[in-house]
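User: Please take a close look at the aromatic pairs in this model, with the ring geometry, the placement along the chain and the accessibility of the residues involved.

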Amino acid sequence: MEQPYFKISRGFSRKVQLKQYEPADFFCGAEQYFYEKLDPEEIKKHSNDLWLFCKTEVEMSVKEYTESIKKQVEGEDGPF
């Protein structure tokens, strides 16, 4: 099996606290392996694409979490 020339690893995290003493941490990590040499601009583009993928995944999870907490609170105490 051919060994990769290099890899790019990127991640994104966010902490949300909607209720007191109940923080929620969200994280996404992604890696991409390359089997050939790339110029610096291509590396930068791939790195940015991985970061944007992770950011989008985290933001989507935060939105789902926030909506679920708001529904719980509305069910218990009325509007959030």
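Analyst: In this predicted model, a search across the whole structure returns 4 aromatic pairs. One of them joins Phe6 and Phe34, whose ring centres are 4.9 Å apart and whose planes make an angle of 15°; the pair is classed as stacked because planes under 30 degrees apart count as such. Phe6 belongs to strand E1 (residues 6-17) and Phe34 to strand E2 (residues 23-34), so that, with these positions 28 residues apart, the pair links distant parts of the chain. As for accessibility, Phe6 is partly exposed, because its relative accessibility is 21% and the buried class requires a value under 20%, whereas Phe34, at 7%, counts as buried.

Another of the pairs brings together Phe12 and Trp51, in an edge-to-face arrangement with 80° between the planes and 5.8 Å from centre to centre. Here too the contact links distant parts of the chain, since Phe12 lies in strand E1 and Trp51 in helix H1 (residues 40-77), 39 residues apart. Phe12 has a relative accessible area of 16% and is therefore buried, while Trp51, with a relative accessible area of 26%, is partly exposed.

Returning to the stacked pair, Phe6 and Phe34 also belong, together with Tyr5, to one aromatic cluster. Within that cluster, Phe34 is buried and Phe6 is partly exposed.

Notes: Residues numbered from 1 in each chain as written. Predicted model: local features only at pLDDT ≥ 70, side-chain atom pairs only at ≥ 80, totals over all residues. Heavy atoms only, no water. Phe/Tyr/Trp six-rings, centres within 6.5 Å; stacked < 30°, edge-to-face > 60°. Helix = DSSP H or I, 4+ residues; strand = E, 2+ residues; numbered from the N terminus. Buried < 20%, exposed > 50% of the residue type's maximum accessible area, 1.4 Å probe, protein only.
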